[in-house]
Amino acid sequence: MLHFRSSTVLKELFEATFKRPLSVSRQKTWLPTNRRCFGTASVDARSLSTQLKVLHAAAAHRPALRAAPFAAPFRSYCAKTEGAVELDEQLKKDGVSGETGSDKRRKAGILPSLEDLLFYTVAEGQETIPAHKFLTALKATGLRTGDPRLKECMDTLKETLKNTVDGVTLDRHLFKKCVQSNIVLLTQAFRKKFVIPDFQSFTSHIDELYESAKNLSEGQVADYIPQLAKFSPDLWAISVCTVDGQRHTAGDTKVPFCLQSCVKPLKYAVAVNDYGTEYVHSFIGKEPSGLRFNKLFLDEDDKPHNPMVNAGAIVCTSLIKQGASNAEKFDYVMNFLKDMAGNEYVGFSNATFQSERDSGDRNFAIGYYLKEKKCFPEGTDMTSILDFYFQLCSIEVTCESASVMAATLANGGICPISGERVLSPEAVRNTLSLMHSCGMYDFSGQFAFHVGLPAKSGVAGGILLVVPNVMGIMCWSPPLDKLGNSVRGIQFCTDLVDHFNFHNYDNLRHFAKKHDPRREGGDQRLHSFGPMDYESLQQELALKAPLWKKVSPTESHEDSSTTVVYRMDTVAK
């Protein structure tokens, strides 16, 4: 796996060197006063390039640092040489005096740009980069070449390769041209700054869980809606999308299926987004019912118990875009769902809609019961609302597009792959709360206890799972247990939380048996370097001599950890 940390640490040190000294810190640092700053006119740009290559060559064979040793504040005393003063004066004459010191020196060719550092990281000492090597390294971070955020980069790459001699390799200047439009996102990816730093290791575990659940043969495909009974019981797929847009899939992830009850939290989120919590819950309760999802039963206030049972979902449907025709309402919700999915596949199964409407006697009974109890907004056409309800249940997705919807909920209403806000934070918070307490039919309490994550299941075999602030997951397999949940999906979710500390009440600091993929290395995250880490850090940086030279350890006054300060050791050539 390629590491970008050494390049970033180097760049940060460069920038820190050029800025004026930091304010006095409570930490003591012993720094020689007779040294020169790196970046003065006495340093040849070609020697910098050579040093960078040496640094990357060393870093390629060593594990990446867990945290930058420069995170702790320290004072740096630098004296400008005559050459540096002359350079600054020349830059002022050129009309760039308003820029920062690092910007000036980068334009003068002394500091490498982020594009340069990315090139050195991927090239690993070579003068050119094969395009497939860059794309393979990109895929390892979890990003896809089809990611909308990388469209400009990929389009430029495609056009650039057409004009190269062999149509395959890129030199440094061509590479910089391709990546410059998306350099911030690419830098985050290669620096392992995404929510799942070691994405390859994480996905290997996901694949193991997928294979384990694949062996299950229990359950029956739903047949009370004739169109659903046509699906093969062997179909099984999972798809993952993190809040940073990292993607992974396994199985039949491109096969379309209907959302069915998985659409209930999504349309509730749309209603709250448009009308607010108080208005929506003047018609619908917030409590688990303790009854079957299709029961004709209301709470003591003659309201449906929650939006995740059929009665509550039918009332919630009546709140969306009131006064508009069913066609306008349907387009409105479809556009919402497409935005949540980052414009990935969202379709409609007319056959399922007709099948569900023809076999929907129970839902018609619930609708008339709700009408009798005056549960709808005034002037609501109940039969029209039921048609709209059946239409929304018949919306099609794939595992891949649905995982992006789940990730939008995990990301506070902002779609990870488009960066657009789709839902308000209030709507997302309320939706996740109700998914956690009421989303899994009569298994909701058990699921909250064992898995501890917001989820919603549907009779088509889908389970929409949200790990708040981390990722969204869609599991799909048609065979259902006696409570109407996917057998393989339940097993996968249970195994996921057994392996990773994703349960809402897992302790994130003190754990022994579970992995935390949010932490680099899976098990540890070091915010400061203790005495043992001081020795390992010495060994880590020993390979980089004479580029790095230890100045001294200092005792932090904020805690008992040991902080290490390093500087670039430069010699005038």
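Nine of the 12 residues of helix H11 are buried, so this helix is largely enclosed by the rest of the structure. The model is a predicted one. The chain has 573 residues, and 54% of them count as buried. Its secondary structure comes to 22 helices and 14 strands. Among contacts in the chain with a separation of 6 or more, 69% are between residues 24 or more positions apart.

**Helix H11**

- H11 covers residues 264-275, and its end C-alpha atoms are 16 Å apart. This agrees with expectation, because 12 residues at 1.5 Å a residue should span 16 Å.
- The buried residues of H11 are Lys264, Pro265, Leu266, Lys267, Tyr268, Ala269, Val270, Ala271 and Val272.
- Gly276, just after H11, has a positive phi of about 90 degrees.

**Strand E11 and its partners**

- E11 spans residues 471-476. Six of its six residues are buried, so the strand is largely enclosed by the rest of the structure.
- Met471, Ile473 and Cys475 point one way from E11, while Gly472, Met474 and Trp476 point the other way; all are buried.
- Strand E4 pairs with E11 in the antiparallel sense, over six bridges. Within this pairing, Val240 has Ile473 of E11 as its bridge partner.
- Strand E10 (residues 462-467) also pairs with E11 in the antiparallel sense, over six bridges. Here Leu465 has Ile473 of E11 as its bridge partner.
- Ile473 is therefore a bridge partner of both Val240 and Leu465, and it is one of the buried residues of E11.
- E10 and E11 form a hairpin with three residues between them. In the turn, Asn469 takes a positive phi of about 65 degrees.

**Aromatic pairs and clusters**

- The structure has 18 aromatic pairs.
- In one of them, Phe231 and Trp476 meet edge-to-face, with 5.8 Å from centre to centre and 85 degrees between the planes. The arrangement counts as edge-to-face because the planes are over 60 degrees apart.
- Phe231 lies in the loop between strand E3 (220-221) and strand E4 (237-242), and Trp476 lies in E11, so this pair ties together parts that are 245 residues apart in sequence.
- The two members of this pair are placed as follows: Phe231 is partly exposed at a relative accessible area of 22%, whereas Trp476 is buried at 0%.
- Phe364 and Phe390 form a tilted pair, because their ring centres are 5.9 Å apart and their planes stand at 55 degrees.
- Phe364 belongs to helix H16 (residues 361-372) and Phe390 to helix H17 (residues 382-393), so the pair ties together parts that are 26 residues apart in sequence.
- Phe364 is partly exposed, with a relative accessible area of 23%, whereas Phe390 is buried, with 0%.
- One aromatic cluster is made up of Phe119, Tyr120, Phe134, Phe175 and Phe190.

**Charges over rings**

- The charged end of Lys321 sits over the ring of Tyr332, at 4.8 Å from the ring centre.
- Lys456 lies over the face of Tyr441, at 4.3 Å from the ring centre.

**Nonpolar cores**

- The largest nonpolar core has 102 residues, and Leu337 and Phe502 touch the most other members.
- Apart from its neighbours within four places in sequence, Leu337 is in contact with Leu259, Val263, Leu266, Val346, Ile395 and Met405. Of these contacts, Leu266 is also one of the buried residues of H11.
- Another core lies apart from the largest one and has 27 residues, among them Leu117, Leu161, Ile183 and Ala189.

**Ser349**

- Ser349 lies in the loop between strand E7 (346-348) and helix H15 (350-358).
- Ser349 counts as buried because its relative accessibility is 10%, and the cut-off for buried is under 20%.
- Leaving aside neighbours within four places in sequence, Ser349 is in contact with Cys258, Ser394 and Glu396.

Terms used: Residues numbered from 1 in each chain as written. Predicted model: local features only at pLDDT ≥ 70, side-chain atom pairs only at ≥ 80, totals over all residues. Heavy atoms only, no water. Phe/Tyr/Trp six-rings, centres within 6.5 Å; stacked < 30°, edge-to-face > 60°. Helix = DSSP H or I, 4+ residues; strand = E, 2+ residues; numbered from the N terminus. Buried < 20%, exposed > 50% of the residue type's maximum accessible area, 1.4 Å probe, protein only. Lys NZ or Arg CZ within 6 Å of the ring centre and 35° of its normal. Pairing = 2+ DSSP bridges. Expected span 1.5 Å × (residues − 1). Core = buried A, V, L, I, M, F, W, Y, C linked by side-chain atoms within 4.5 Å. Contact = heavy atoms within 4.5 Å.
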